[in-house]
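Subject: Handing over a structure

Hello,

Here is the structure I said I would pass on to you. Please look through it before reading my notes underneath.

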Amino acid sequence: SDKDHELVLGLPRARIIGARSWKGIRSDGVAGSLERIAEEGEYRPRGEAERDPHWKQVIPYLLMRDGERLFLMQRTDAGGDERLHDLYSLGIGGHLNPEDGGVLDGLRREFHEEMAADWDPQPRLIGLLNDDEVLVGQVHVGVVFEADAAGRPLAVRETDKLSGRFVDIHEVWPVYERMETWSQLLYDHVTGQGT
């Protein structure tokens, strides 16, 4: 498929995760990680990258807030990746391609592809996200950001594939078990329940 030939940004696992695997979101030294991605990141065909656990594809992952509220999305059956059907998500993001010109530009593109907003988010770097316990996580690393809508309207663009709205943080917990694992780790982090 075209997806297999799509060029995606990544780098060797040891250069971004370190010698040992860890799970969750790490904030320490994260600015250096962004520099490392910029300096050492390479583009490889996605089909090849998806099968190589020694290589981590870099995924910017953006949490949108409106003050204390979080933007909670739910995927519908129409979305492309059946592993994610009906799951809830707190993160906007995706693979980075050569024309993106880096993590932040790629994040901005993903934001405008997925969200209807006539403004640009100002992303603040939170940390790196890793979870090798799930198959899809073994070949991806998240670069997690948050941004504040500050009262500006935000809506999902492809409403057949996704729904989304700002909710109070206590409204997220009831669907925790139905969230994709990265979103669970993000929730744990923002609520202080992570490590």
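The notes below start with the chain as a whole and then go to single places in it.

Please keep in mind that this is a predicted model.

Overall picture

The chain contains seven helices and 12 strands. Its C-alpha trace spans about 40 × 40 × 30 Å along the principal axes. A compact globule of 195 residues would have a radius of gyration near 16 Å, and the chain has 16 Å, so the two agree. Of the 195 residues, 47% count as buried. Among contacts with a separation of 6 or more, 74% are between residues 24 or more positions apart.

On the outside, the chain exposes about 9,800 Å², and carbon and sulfur atoms supply 49% of that area. As for charge, there are 23 positive and 37 negative side chains. The centres of these two sets lie 3 Å apart.

Aromatic pairs

A search of the whole structure turned up six aromatic pairs. One of them joins Phe-71 and Phe-166, with 5.1 Å from centre to centre and 70 degrees between the planes, an edge-to-face arrangement. Phe-71 belongs to strand β5 (residues 69-75) and Phe-166 to strand β12 (residues 162-167), so this pair ties together parts that are 95 residues apart in sequence. Both Phe-71 and Phe-166 are buried.

Trp-173 and Tyr-176 have ring centres 4.9 Å apart and planes at 35 degrees, so their pair is tilted. The partners differ in how covered they are: Trp-173 is partly exposed, at 46% relative accessible area, whereas Tyr-176 is buried, at 12%. Together with Tyr-187, Trp-173 and Tyr-176 make up one aromatic cluster.

Helix α7

Tyr-187 is also one of the buried residues of α7. This helix covers residues 181-190 and is mostly covered, with seven of its 10 residues buried. Besides Tyr-187, the buried residues are Trp-182, Ser-183, Gln-184, Leu-185, Leu-186 and Asp-188. Just after α7 comes Gly-192, which takes a positive phi of about 75 degrees.

Two buried residues in short helices

Arg-46 is found in helix α4 (residues 46-49). Is this residue buried or exposed? Arg-46 has a relative accessible area of 15%; the cut-off for buried is under 20%, so Arg-46 counts as buried. Leaving out residues up to four places away in sequence, Arg-46 touches Lys-3, Asp-4, Glu-6, Val-8, Gln-57 and His-95.

Ile-16 lies in helix α2 (residues 13-16), and it is buried, with a relative accessible area of 8%. Which residues does Ile-16 contact, leaving aside its neighbours within four places in sequence? They are Leu-11, Ser-33, Ile-37, Lys-56, Leu-128 and Val-141. Glu-113, by contrast, is 97 residues from Ile-16 along the chain, and the C-alpha atoms of Ile-16 and Glu-113 are separated by 27 Å.

Three places in loops

Gly-102 sits in the loop between β7 (91-93) and α5 (103-114). At 23% relative accessibility, Gly-102 counts as partly exposed. Gly-102 and Ala-38 are 64 residues apart in sequence, and 6.9 Å separates them in space, C-alpha to C-alpha.

Pro-121 is in the loop between β8 (115-116) and β9 (124-130). With 3% relative accessibility, Pro-121 counts as buried. Its contacts, not counting residues up to four places away in sequence, are Leu-62, Met-64, Phe-111 and Ala-147. The C-alpha atoms of Pro-121 and Leu-63 are separated by 10 Å, with their positions 58 residues apart along the chain.

Ala-150 lies in the loop between β10 (140-148) and β11 (155-156). Its relative accessibility is 58%, and it counts as exposed. The phi of Ala-150 is near 50 degrees, a positive value in a residue other than glycine. Most residues other than glycine have a negative phi.

That is the end of my notes.

Regards

Definitions and conventions:
Residues are numbered from 1 along each chain as its sequence is written. This is a predicted model: local features need pLDDT of at least 70, side-chain atom pairs count only at pLDDT 80 or more; totals for chains, interfaces and linings use all residues. Side-chain values use heavy atoms; hydrogens and water are left out. Helices (H or I, at least four residues) and strands (E, at least two) are DSSP runs, numbered from the N terminus. The radius of gyration is taken over C-alpha atoms; the globule rule is 2.2 Å times the number of residues to the power 0.38. Buried means under 20% relative accessible area, exposed over 50%, partly exposed in between (1.4 Å probe, protein chains only). Contact means heavy atoms within 4.5 Å. Accessible areas come from the Shrake-Rupley method with a 1.4 Å probe; for residues, only the protein chains shown count as cover. Lys and Arg count as positive and Asp and Glu as negative; His and the chain ends are not counted. The place of a charge is taken as NZ of Lys, CZ of Arg, CG of Asp or CD of Glu. Rings of Phe, Tyr and Trp (its six-membered ring) pair if their centres lie within 6.5 Å; planes under 30 degrees apart count as stacked, over 60 as edge-to-face and the rest as tilted.
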